[in-house]
Amino acid sequence: GRPQCYVPPGAPNPEAASLTSDATELIIRLADLYPKKLVIFAIGPLSPLAAAMSTTRGLQKLRWIRMLCIQGQTHVFSSEEKARFPLSPDFTAFNLREDKIAAERVFSQLQMHVPMLFLGKYAAYRVSLYRENFEAMDFICGSNEMTEAARRNLNVFRQGNPEQFYKLYPVPEDRRNDEEWFDEIDVLSHPYDALLILAFVQPDLFKMEIVGERHLLIGNRKEFHGVPDPGAVRHALCKWMEVGLSRERPAEMKCETFCSLI
(Lines give C-alpha, C1' and ligand atoms only; values in the text may rest on other atoms or scores of the structure.)
Protein backbone atom coordinates (compact mmCIF):
# COMPACT_ATOMS: atom_id res chain seq x y z
CA GLY A 1 0.00 0.00 0.00
CA ARG A 2 0.84 3.67 -0.07
CA PRO A 3 3.37 4.61 2.63
CA GLN A 4 2.18 8.23 2.85
CA CYS A 5 -0.97 10.33 2.98
CA TYR A 6 -1.77 14.03 3.21
CA VAL A 7 -1.01 15.47 6.65
CA PRO A 8 -2.50 18.94 7.28
CA PRO A 9 -0.10 21.77 8.20
CA GLY A 10 0.36 22.04 11.93
CA ALA A 11 -0.47 18.40 12.65
CA PRO A 12 1.51 17.25 15.72
CA ASN A 13 4.18 14.59 15.43
CA PRO A 14 3.46 11.19 17.06
CA GLU A 15 5.20 12.08 20.29
CA ALA A 16 3.37 15.39 20.66
CA ALA A 17 0.07 13.64 19.87
CA SER A 18 0.78 11.04 22.57
CA LEU A 19 0.60 8.23 20.01
CA THR A 20 3.06 6.10 21.95
CA SER A 21 0.62 4.87 24.64
CA ASP A 22 -2.01 2.15 24.82
CA ALA A 23 -5.53 3.25 23.84
CA THR A 24 -6.84 3.81 27.37
CA GLU A 25 -3.90 5.90 28.53
CA LEU A 26 -3.85 7.75 25.21
CA ILE A 27 -7.46 8.83 25.66
CA ILE A 28 -6.81 10.15 29.17
CA ARG A 29 -3.61 11.95 28.18
CA LEU A 30 -5.22 13.65 25.20
CA ALA A 31 -8.25 14.66 27.26
CA ASP A 32 -5.85 16.18 29.77
CA LEU A 33 -3.83 17.97 27.09
CA TYR A 34 -6.80 19.35 25.16
CA PRO A 35 -9.68 20.14 27.55
CA LYS A 36 -12.81 21.35 25.74
CA LYS A 37 -11.03 20.75 22.42
CA LEU A 38 -10.64 16.99 22.07
CA VAL A 39 -13.13 15.24 19.77
CA ILE A 40 -13.30 11.44 19.96
CA PHE A 41 -14.58 9.39 17.01
CA ALA A 42 -15.87 5.99 18.09
CA ILE A 43 -15.78 3.75 15.00
CA GLY A 44 -15.43 0.53 16.98
CA PRO A 45 -16.56 -0.88 20.34
CA LEU A 46 -16.43 1.61 23.22
CA SER A 47 -14.21 -0.64 25.37
CA PRO A 48 -11.11 1.63 25.51
CA LEU A 49 -13.23 4.68 26.28
CA ALA A 50 -15.09 2.87 29.08
CA ALA A 51 -11.77 1.65 30.48
CA ALA A 52 -10.46 5.22 30.47
CA MET A 53 -13.50 6.23 32.52
CA SER A 54 -12.95 3.53 35.14
CA THR A 55 -10.81 5.80 37.31
CA THR A 56 -11.94 9.06 38.91
CA ARG A 57 -9.17 10.93 37.10
CA GLY A 58 -10.14 9.50 33.72
CA LEU A 59 -13.83 10.18 34.18
CA GLN A 60 -13.21 13.77 35.24
CA LYS A 61 -10.99 14.41 32.22
CA LEU A 62 -13.41 12.85 29.75
CA ARG A 63 -16.33 14.90 30.98
CA TRP A 64 -14.50 17.91 29.56
CA ILE A 65 -13.97 16.71 25.99
CA ARG A 66 -15.55 18.77 23.22
CA MET A 67 -17.63 16.03 21.60
CA LEU A 68 -18.00 12.26 21.28
CA CYS A 69 -18.93 11.10 17.77
CA ILE A 70 -20.37 7.59 17.58
CA GLN A 71 -20.93 5.30 14.63
CA GLY A 72 -24.31 3.73 15.37
CA GLN A 73 -27.80 4.45 16.62
CA THR A 74 -29.23 5.38 20.01
CA HIS A 75 -32.59 4.88 21.68
CA VAL A 76 -34.21 8.19 22.59
CA PHE A 77 -36.51 8.57 25.58
CA SER A 78 -38.80 11.58 25.79
CA SER A 79 -40.56 10.94 29.12
CA GLU A 80 -39.99 13.34 32.01
CA GLU A 81 -38.17 10.80 34.16
CA LYS A 82 -35.66 10.29 31.32
CA ALA A 83 -35.22 13.99 30.56
CA ARG A 84 -31.76 14.12 32.14
CA PHE A 85 -30.63 10.86 30.51
CA PRO A 86 -32.52 10.67 27.21
CA LEU A 87 -30.10 8.33 25.41
CA SER A 88 -29.35 4.62 25.70
CA PRO A 89 -27.33 2.44 23.30
CA ASP A 90 -29.17 0.71 20.48
CA PHE A 91 -27.63 -2.73 20.37
CA THR A 92 -28.71 -3.35 16.80
CA ALA A 93 -25.60 -1.27 16.05
CA PHE A 94 -22.68 -3.69 15.74
CA ASN A 95 -20.06 -1.57 17.49
CA LEU A 96 -22.27 -0.94 20.51
CA ARG A 97 -23.36 -4.57 20.67
CA GLU A 98 -19.77 -5.82 20.72
CA ASP A 99 -19.27 -4.51 24.26
CA LYS A 100 -22.66 -3.74 25.79
CA ILE A 101 -21.32 -3.00 29.25
CA ALA A 102 -18.84 -0.47 27.87
CA ALA A 103 -21.55 1.20 25.78
CA GLU A 104 -23.90 1.49 28.74
CA ARG A 105 -21.16 2.99 30.92
CA VAL A 106 -20.18 5.58 28.32
CA PHE A 107 -23.78 6.61 27.67
CA SER A 108 -24.78 6.83 31.32
CA GLN A 109 -21.70 8.68 32.56
CA LEU A 110 -21.01 11.10 29.71
CA GLN A 111 -24.32 12.17 28.17
CA MET A 112 -25.00 14.78 30.86
CA HIS A 113 -21.61 16.39 30.26
CA VAL A 114 -20.50 15.76 26.66
CA PRO A 115 -22.33 16.54 23.39
CA MET A 116 -22.71 13.38 21.30
CA LEU A 117 -23.04 13.07 17.54
CA PHE A 118 -24.51 9.82 16.14
CA LEU A 119 -24.22 8.70 12.52
CA GLY A 120 -26.66 5.82 12.10
CA LYS A 121 -27.10 3.09 9.53
CA TYR A 122 -29.97 4.84 7.76
CA ALA A 123 -27.58 7.62 6.74
CA ALA A 124 -24.89 5.15 5.70
CA TYR A 125 -27.35 3.26 3.49
CA ARG A 126 -28.05 6.46 1.58
CA VAL A 127 -24.49 7.00 0.42
CA SER A 128 -22.78 4.59 -1.95
CA LEU A 129 -19.29 4.62 -3.39
CA TYR A 130 -19.18 3.08 -6.85
CA ARG A 131 -16.50 1.25 -8.77
CA GLU A 132 -15.79 4.41 -10.76
CA ASN A 133 -15.08 6.31 -7.52
CA PHE A 134 -12.50 3.73 -6.53
CA GLU A 135 -10.99 3.74 -10.00
CA ALA A 136 -10.55 7.51 -9.74
CA MET A 137 -8.65 7.00 -6.48
CA ASP A 138 -6.62 4.23 -8.13
CA PHE A 139 -5.56 6.76 -10.76
CA ILE A 140 -4.18 9.06 -8.04
CA CYS A 141 -2.35 6.15 -6.41
CA GLY A 142 -0.92 4.91 -9.70
CA SER A 143 -2.16 1.40 -8.96
CA ASN A 144 -5.38 -0.53 -8.32
CA GLU A 145 -4.84 -0.67 -4.56
CA MET A 146 -8.07 1.13 -3.60
CA THR A 147 -10.28 -1.12 -5.71
CA GLU A 148 -8.36 -4.13 -4.47
CA ALA A 149 -8.88 -3.03 -0.86
CA ALA A 150 -12.62 -2.81 -1.52
CA ARG A 151 -12.56 -6.30 -3.05
CA ARG A 152 -10.77 -7.76 -0.03
CA ASN A 153 -13.20 -6.16 2.42
CA LEU A 154 -16.24 -7.35 0.48
CA ASN A 155 -14.77 -10.82 0.20
CA VAL A 156 -14.56 -11.12 3.97
CA PHE A 157 -18.31 -10.45 4.08
CA ARG A 158 -18.96 -12.81 1.16
CA GLN A 159 -17.09 -15.69 2.72
CA GLY A 160 -18.39 -15.10 6.24
CA ASN A 161 -22.08 -14.72 5.38
CA PRO A 162 -22.69 -15.61 1.73
CA GLU A 163 -26.48 -15.75 2.09
CA GLN A 164 -26.72 -12.21 3.40
CA PHE A 165 -24.03 -10.98 1.01
CA TYR A 166 -25.86 -12.14 -2.09
CA LYS A 167 -29.10 -10.64 -0.81
CA LEU A 168 -27.40 -7.27 -0.75
CA TYR A 169 -25.32 -7.86 -3.86
CA PRO A 170 -27.43 -9.74 -6.44
CA VAL A 171 -24.65 -11.50 -8.31
CA PRO A 172 -25.99 -14.03 -10.88
CA GLU A 173 -25.71 -17.55 -9.49
CA ASP A 174 -23.42 -18.76 -12.27
CA ARG A 175 -20.97 -15.95 -11.36
CA ARG A 176 -20.85 -16.63 -7.63
CA ASN A 177 -17.36 -18.04 -7.68
CA ASP A 178 -13.99 -16.80 -6.45
CA GLU A 179 -12.95 -15.49 -9.86
CA GLU A 180 -16.05 -13.69 -11.16
CA TRP A 181 -18.22 -12.38 -8.29
CA PHE A 182 -16.46 -9.05 -7.94
CA ASP A 183 -16.87 -8.19 -11.62
CA GLU A 184 -20.66 -8.14 -11.13
CA ILE A 185 -20.66 -5.52 -8.36
CA ASP A 186 -20.87 -1.78 -8.98
CA VAL A 187 -21.47 -0.46 -5.45
CA LEU A 188 -18.26 -1.19 -3.55
CA SER A 189 -18.83 0.61 -0.26
CA HIS A 190 -21.23 2.33 2.10
CA PRO A 191 -18.49 4.30 3.91
CA TYR A 192 -19.79 4.31 7.47
CA ASP A 193 -16.62 5.43 9.28
CA ALA A 194 -15.79 8.14 6.78
CA LEU A 195 -19.34 9.53 6.89
CA LEU A 196 -19.11 10.01 10.64
CA ILE A 197 -16.01 12.15 10.19
CA LEU A 198 -17.54 14.02 7.26
CA ALA A 199 -20.60 14.83 9.37
CA PHE A 200 -18.31 16.58 11.84
CA VAL A 201 -16.24 18.37 9.20
CA GLN A 202 -19.12 19.42 6.90
CA PRO A 203 -22.34 19.30 8.92
CA ASP A 204 -24.18 21.39 6.34
CA LEU A 205 -24.44 18.28 4.14
CA PHE A 206 -26.68 16.55 6.69
CA LYS A 207 -30.00 17.06 8.44
CA MET A 208 -29.75 16.48 12.18
CA GLU A 209 -32.18 15.82 14.99
CA ILE A 210 -31.37 17.54 18.28
CA VAL A 211 -31.98 15.68 21.55
CA GLY A 212 -31.65 17.18 25.01
CA GLU A 213 -30.35 20.46 23.57
CA ARG A 214 -26.85 19.04 23.05
CA HIS A 215 -26.93 15.69 21.22
CA LEU A 216 -27.13 15.38 17.43
CA LEU A 217 -28.58 12.43 15.49
CA ILE A 218 -28.14 11.65 11.80
CA GLY A 219 -29.80 8.59 10.28
CA ASN A 220 -30.97 7.30 13.63
CA ARG A 221 -34.32 6.16 12.23
CA LYS A 222 -35.55 5.05 8.84
CA GLU A 223 -38.04 7.89 8.40
CA PHE A 224 -35.33 10.52 9.07
CA HIS A 225 -32.19 9.39 7.26
CA GLY A 226 -30.53 12.81 7.43
CA VAL A 227 -28.96 12.75 3.96
CA PRO A 228 -31.04 14.99 1.66
CA ASP A 229 -28.50 14.91 -1.19
CA PRO A 230 -26.51 11.65 -1.37
CA GLY A 231 -24.70 12.83 -4.49
CA ALA A 232 -23.36 15.92 -2.75
CA VAL A 233 -22.21 13.83 0.21
CA ARG A 234 -20.51 11.33 -2.09
CA HIS A 235 -18.79 14.15 -3.97
CA ALA A 236 -17.47 15.72 -0.74
CA LEU A 237 -16.35 12.37 0.59
CA CYS A 238 -14.47 11.53 -2.61
CA LYS A 239 -12.78 14.92 -2.62
CA TRP A 240 -11.49 14.43 0.92
CA MET A 241 -10.32 10.92 0.11
CA GLU A 242 -8.48 12.27 -2.91
CA VAL A 243 -6.85 14.85 -0.64
CA GLY A 244 -5.64 12.04 1.59
CA LEU A 245 -4.16 10.20 -1.36
CA SER A 246 -2.54 13.28 -2.92
CA ARG A 247 0.70 14.85 -1.87
CA GLU A 248 -0.69 18.38 -2.12
CA ARG A 249 -3.91 19.76 -0.72
CA PRO A 250 -6.14 21.33 -3.42
CA ALA A 251 -6.55 25.06 -2.84
CA GLU A 252 -10.34 24.86 -3.03
CA MET A 253 -10.66 22.35 -0.19
CA LYS A 254 -11.71 24.03 3.04
CA CYS A 255 -12.35 22.30 6.35
CA GLU A 256 -15.38 23.84 8.00
CA THR A 257 -15.46 24.12 11.77
CA PHE A 258 -18.18 22.37 13.67
CA CYS A 259 -19.29 24.89 16.25
CA SER A 260 -22.75 26.26 15.54
CA LEU A 261 -24.62 23.37 17.19
CA ILE A 262 -22.27 22.68 20.09
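Let's start with one pair of residues: Gln 71 has Leu 119, in strand S5, as its bridge partner. That pair belongs to a longer match, since strand S2 (residues 67-71) and strand S5 (residues 116-119) run parallel and are joined by four bridges. Keep in mind that this is a predicted model.

Where do S2 and S5 sit in the wider sheet? The sheet is open and has five strands, in the order S1-S2-S5-S9-S8, with mixed pairing. Strand S1 (39-42) and strand S8 (209-211) are at the edges; each has a single partner strand, so one side of each lacks a neighbour in the sheet. On average, neighbouring strands here are turned by 15° against each other, direction ignored. As background, strands of a sheet pair through backbone hydrogen bonds, either parallel or antiparallel.

Now zoom out. The protein has 11 helices and nine strands. Of its 262 residues, 41% count as buried. Among contacts with a separation of 6 or more, 66% come from residues 24 or more positions apart.

How confident is the predictor? The mean pLDDT is 87, and 86% of the residues reach 70 or more. One stretch to read with care is residues 250-262, where pLDDT stays under 50; the model has 27 contacts beyond four places in sequence for this stretch.

Next, the inside. In soluble globular proteins, nonpolar side chains tend to be buried together. Here the largest nonpolar core has 40 residues, and those with the most contacts inside it are Leu 117, Leu 195, Leu 198, Phe 206, Ile 218 and Val 233. Which helix gives the most to this core? That would be helix H10 (residues 192-201), with six residues. The core also draws at least three residues from each of domain 1 (23-125 + 191-229) and domain 2 (129-189). A second, separate core has 31 residues, including Ile 28, Leu 62, Ala 102 and Met 116.

H10 is worth a second look. Its buried residues are Leu 195, Leu 196, Leu 198, Ala 199, Phe 200 and Val 201. They pack against three strands of the sheet's list, S1, S2 and S5, and also against helix H6 (121-124), strand S9 (215-218) and helix H11 (230-245). Take Leu 198: leaving out residues up to four places away in sequence, it touches Pro 203, Leu 205, Phe 206, Val 233, Ala 236, Leu 237 and Trp 240.

Two more residues are handy stops on a tour of the model, so to speak.

| Residue | Helix | Relative accessible area |
|---|---|---|
| Ala 31 | H1 (residues 23-33) | 2% |
| Thr 147 | H8 (residues 145-160) | 11% |

Is Ala 31 buried or exposed? Ala 31 is buried, because its relative accessible area of 2% is under the 20% cut-off. Setting aside neighbours within four places in sequence, Ala 31 is in contact with Leu 38, Lys 61, Leu 62 and Ile 65. Trp 64 is 33 residues from Ala 31 in sequence, yet the two are 7.4 Å apart in space, C-alpha to C-alpha.

Thr 147 counts as buried too, at 11% relative accessibility. What does Thr 147 touch, not counting residues up to four places away in sequence? The list is Arg 131, Phe 134, Glu 135, Asp 138, Phe 182 and Leu 188.

Key: Residues numbered from 1 in each chain as written. Predicted model: local features only at pLDDT ≥ 70, side-chain atom pairs only at ≥ 80, totals over all residues. Heavy atoms only, no water. Pairing = 2+ DSSP bridges. Axes fitted to C-alpha atoms, helices over the stretch in contact; angles between N-to-C directions. pLDDT = per-residue confidence, 0-100. Contact = heavy atoms within 4.5 Å. Core = buried A, V, L, I, M, F, W, Y, C linked by side-chain atoms within 4.5 Å. Buried < 20%, exposed > 50% of the residue type's maximum accessible area, 1.4 Å probe, protein only. Domains from an automatic or database assignment.
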